[in-house]
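Me: Please show me the sequence and the model, so that we may discuss how the chain is arranged.

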Amino acid sequence: MNYKVGVISGDGIGPEIVNEAKKVLDAVGAKFGHKFEYTEILMGGASIDVHGVPLTEEAIKAAKESDAVLMGSIGGDTTTSPWYKLPPDLRPEAGLLKIRKALNLFANVRPAVLYKELKGACPLKDEVIGDGFDMVIMRELTGGLYFGERKTVEENGVLKAYDSLTYDENEIRRIAIRGFDIAMKRNKKVTSVDKANVLDSSRLWRKVVEEVAKDYPEVTYEHMLVDNCAMQLVKNPRQFDVILTENMFGDILSDEASMVTGSIGMLSSASLNETKFGLYEPSHGSAPDIAGKNIANPIATILSAAMMLRFSFDLSEEADAVENAVKKVLADGYRTVDIMADGCKQVGCDKMGDLLAERI
């Protein structure tokens with residue numbers, strides 16, 4: 001089978017880690033008889049440098065013509081990069097928000113898995129970690145505070161800023177259905193996270209989630225306030241299976257979950273629409289301070305490519321092969337610098353890609 005993959009290498013370490021993901025995908029293609037055709041798409045700072053804007057209409061068209069999109073990372077140093085002297089709607093991250101909306105990528109799936117080989121990198125105590133944990137954060141991605149009306153005005157000589165948090169019941173229902181569907185394939189537990197003791201949007205969120213839950217009698221579900229969830233993630237992460245939440249809460253909680261796994265460099269993500277199309281990217285940022293040094297960890301991007309195989313292309317065996325390759329490399333003691341431990345063998349970004357490709 002031939003698959004058309006749009007590739008957004010992006011900024012910072014993006015080109016390095018995407019190159020290793022393509023290397024692993026090509027190894028999958030060679031073993032299983034597939035061909036992945038890559039189309040380069042500019043977005044973020046790379047697009048600003050060429051076109052003056054973080055995302056062009058031509059780039060959106062190229063993404064829509066692909067079967068799926070694989071992305072590295074977007075953005076640069078917010079204190080020194082000239083990109084951040086531009087108006088907010090012309091900065092790199094504006095391209096990310098725009099493509100999510102243009103492709104209707106409303107469902108963000110972020111697994112957070114603690115591999116047994118990386119228990120030593122987890123900042124939590126052994127008695128908290130236990131045998132490890134495996135959760136998924138299901139984040140609504142195209143609504144809420146990040147997409148609401150915003151403005152800054154001056155009133156009586158004082159600057160005042162407004163950001164609106166808006167959800168309608170249909171936006172909540174479709175992400176809740178996705179969350180419960182994923183729970184059915186896992187351990188059948190959903191923790192819906194909100195701030196219903198304060199926010200009207202959260203009270204609507206809770207009401208709709210309860211309605212959706214009635215269609216999934218096999219799934220145990222609970223409501224949890226976001227501040228409590230943040231505490232529980234470090235107190236007892238093993239209690240979670242699927243965390244279902246809105247855009248801003250999901251942004252914050254998924255970064256917290258990533259760090260209790262030992263390194264944000266290990267965590268993949270998928271942003272899906274109502275078809276099989278998805279945009280796949282690591283959960284971490286562009287890390288401009290280490291760009292070009294061949295020390296970035298490509299595993300999160302490679303695991304994102306595995307999610308692409310599974311969700312967009314229905315290639316479960318091939319996805320398993322990539323995920324098992326990661327486990328084998330870790331079991332063999334190879335580490336990038338962010339997950340390095342005593343007695344292990346430190347390798348660079350490109351060598352890690354080689355090792356994983358060899359084990360497909």
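Me: Which strand does helix α6 run at about 165° to?
Reply: In this predicted model, helix α6 covers residues 169-184. The helix lies across several strands, including β4, β8, β9, β10 and β11. The strand to which helix α6 runs at about 165° is β5.

Me: Which strands are the edge strands of the open sheet?
Reply: Ten strands form the sheet, in the order β2-β1-β3-β12-β11-β4-β5-β10-β8-β9, with mixed pairing. An edge strand pairs on one side only. The edge strands are therefore those at the two ends of that order, β2 (35-40) and β9 (220-225).

Me: Which residue of β11 is the bridge partner of Asn-108?
Reply: Strands of a sheet pair through backbone hydrogen bonds, either parallel or antiparallel. Here β4 (residues 107-113) and β11 (residues 268-272) run antiparallel and are joined by three bridges. In β11, the partner of Asn-108 is Ser-271.

Me: Is Val-69 buried or exposed, and why?
Reply: Val-69 belongs to strand β3, one of the strands that helix α4 (residues 92-102) lies across. Its contacts beyond four places in sequence are Gly-6, Ile-8, Ala-63, Phe-277, Gly-278, Leu-279 and Tyr-280. Because its relative accessibility is 0%, and buried means under 20%, Val-69 counts as buried.

Me: What separates the C-alpha atoms of Val-69 and Leu-279?
Reply: These two residues are 210 residues apart along the chain. Leu-279 is nevertheless among the residues that Val-69 touches. The separation of their C-alpha atoms is 4.6 Å.

Note on methods: Residues numbered from 1 in each chain as written. Predicted model: local features only at pLDDT ≥ 70, side-chain atom pairs only at ≥ 80, totals over all residues. Heavy atoms only, no water. Helix = DSSP H or I, 4+ residues; strand = E, 2+ residues; numbered from the N terminus. Contact = heavy atoms within 4.5 Å. Axes fitted to C-alpha atoms, helices over the stretch in contact; angles between N-to-C directions. Buried < 20%, exposed > 50% of the residue type's maximum accessible area, 1.4 Å probe, protein only.
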